[in-house]
Each structure stands twice: as structure tokens, then as C-alpha cells.
Amino acid sequence: MAEASEPVVVVGLQSGHVAAVVEVAAQIAHRFNGSLVCVTIDPSLLSVGTRSDGSEMIEAIDPDAGESTPQGLSEADVAAIHDLAARSHVEVEHLTQVGDPARVLASVAEERHAELIVVGTRTGRHRVAEFFNGSVAARLTHQQHRPVLVVPTDPVGFDDPLPWDAA
């Protein structure tokens, strides 16, 4: 009988909001005796194919941008990921991807046979755009079959205006 692989928790991360999301995801992975696959996605770039050597061809959505190197997390954020994973005694892998965040997270989760996808909420001015354009978490919950856990990164109080009311 083939031995089952360890459970995987896929984590979608954005710069500046790593600690809260990874801390929760690492605790869950620890309870599953699993590992984390932390994914940072640069939505300003798209994968347009694969070269003969297997490397990915990446282009900017905006042809005037000229930059085709995916923007990942800062060194401080990467260090925080590894520190939080070590404190929870879980293995961690970090990927930097390009494209539509919901599609990328769903694809990584499918490839890794993930038990769960964990994402954080967006903060500040991004909240209003997220409300109208559809959040990554909302799209994931409707477009793939894995459970999605949304970690609040900057919650408002019950008496405070909601992000889309405060604009």
C-alpha cells in the first residue's frame, strides 16, 4: 500500500500582511502534521508559455511597464515566514507566481493536493476595489472545491464603517 503524502496548506500572501496569515496557517499545518506552501502572486504579470528548457516566459500585462520580473516578498517578510513556520514546527516552501491570484492559488492547491487554502483580507484603499471586483477569497470559495480560510488582517469594529462605506 502506498504511503500517503503529508497534508499541505497553501497560503496566499501579499507583502506587508504576512505575519497574521502565516501564523494561523502554520498553526493549522502543525495540527494536520503537514507543511505550508506560501505563494506570492504578482498580478501585473502573466505567464505566456514555457521555453524549450522548461523556464517560464513572463510578460507584463501593461506593455509600457517593461518589467517582467515577478515582485515577491521583502526579505523581512520571507524571514518572518520561516520564523513562524519554525516556531510551529512545520516545513515551508515559498513560491513567487504571476497571473490571476485566485487561479494561481487554486492551481497550486490542485497540484499539491492541498487540504486547505488560507488567504488574508486586503486593507486600506484596496478594500473598496476588492468589494466591487470580487475578492480572491470569494472567487476561490465559488470556483474550486477546497475549503478556504480567510484571516482578517485589519478588521474594523462593529460600530466602525465598513470599508466600502468609508470611501
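User: Why is Ser88 called buried or exposed in this model?

Analyst: In this predicted model, Ser88 has a relative accessibility of 14%. Buried means under 20%, so Ser88 counts as buried.

User: Where does Ser88 lie, and what is Ser88 in contact with?

Analyst: Ser88 belongs to the loop between H2 and E5. Once its neighbours within four places in sequence are set aside, Ser88 is in contact with Ala26, Gln27 and His30.

User: How do you know that the length of H2 agrees with what a helix should span?

Analyst: Helix H2 covers residues 75-87, which is 13 residues. At 1.5 Å a residue these should span 18 Å. The C-alpha atoms at the ends of H2 are 18 Å apart, so the two values agree.

User: Which residues of H2 are buried, and what makes them line one face?

Analyst: Asp77, Ile81, Leu84 and Ala85 are the buried residues of H2. Seen down the axis of H2, they fall within an arc of 100°, so they line one face of the helix.

User: What do the two sides of H2 meet or carry?

Analyst: The buried residues of H2 pack against strand E1 (8-13), helix H1 (18-32), strand E2 (35-42) and strand E5 (92-98). On the face turned away from the buried side are the exposed residues Glu75, Ala76 and Arg87. After H2 comes His89, with a positive phi near 60°.

User: How does the reach of H1 compare with the expected value?

Analyst: H1 has 15 residues, and 21 Å are expected at 1.5 Å a residue. From its first C-alpha to its last, H1 reaches 21 Å, close to that expected value.

User: What makes the buried residues of H1 line one face?

Analyst: The buried residues of H1 are Val18, Val21, Val22, Ala25, Ala26, Ile28 and Ala29. Their directions, seen down the axis of H1, fall within an arc of 165°, so these residues line one face of the helix. They pack against E1, E2, H2, strand E6 (116-120) and strand E7 (148-151). H1 is followed by Asn33, whose phi is positive, near 55°.

User: Why is Leu116 called buried or exposed?

Analyst: Leu116, in strand E6, has a relative accessible area of 10%. The cut-off for buried is under 20%, so Leu116 is buried.

User: What does Leu116 touch?

Analyst: Not counting residues up to four places away in sequence, Leu116 touches Val8, Val9, Val10, Ile28, Pro147, Val148 and Leu149. Val8 is 108 residues away along the chain, yet the C-alpha atoms of Leu116 and Val8 are separated by 7.4 Å.

User: Why is H3 called oblique to H5?

Analyst: The axes of helix H3 (residues 101-112) and helix H5 (residues 136-143) cross at roughly 50° and come within 9 Å. Angles under 35 degrees count as roughly parallel, and 65 to 115 as roughly perpendicular. The crossing angle fits neither range, so H3 is oblique to H5. Pro101, Ala102, Arg103, Leu105 and Ala106 of H3 make the contact with Val136, Arg139 and Leu140 of H5. The crossing is right-handed.

User: How many helices and strands does the chain have, and what pattern does the chain follow?

Analyst: The chain has five helices and seven strands. Along the sequence they follow the pattern β-α-β-β-β-α-β-α-β-α-α-β. Of the 167 residues, 34% count as buried. Among contacts between residues at least 6 apart in sequence, 73% join residues at least 24 apart.

Terms used. Residues are numbered from 1 along each chain as its sequence is written. This is a predicted model: local features need pLDDT of at least 70, side-chain atom pairs count only at pLDDT 80 or more; totals for chains, interfaces and linings use all residues. Side-chain values use heavy atoms; hydrogens and water are left out. Helices (H or I, at least four residues) and strands (E, at least two) are DSSP runs, numbered from the N terminus. The expected span of a helix is 1.5 Å times one less than its number of residues. Buried means under 20% relative accessible area, exposed over 50%, partly exposed in between (1.4 Å probe, protein chains only). The arc is that of the directions from the helix axis to the C-beta atoms. Contact means heavy atoms within 4.5 Å. Axes are lines fitted to C-alpha atoms, for helices over the stretch in contact, and angles run from 0 to 180 degrees between N-to-C directions. Angles under 35 degrees count as roughly parallel, over 145 as roughly antiparallel, 65 to 115 as roughly perpendicular and the rest as oblique. A crossing is left-handed if the near helix is turned anticlockwise from the far one by less than a right angle, and right-handed if clockwise.
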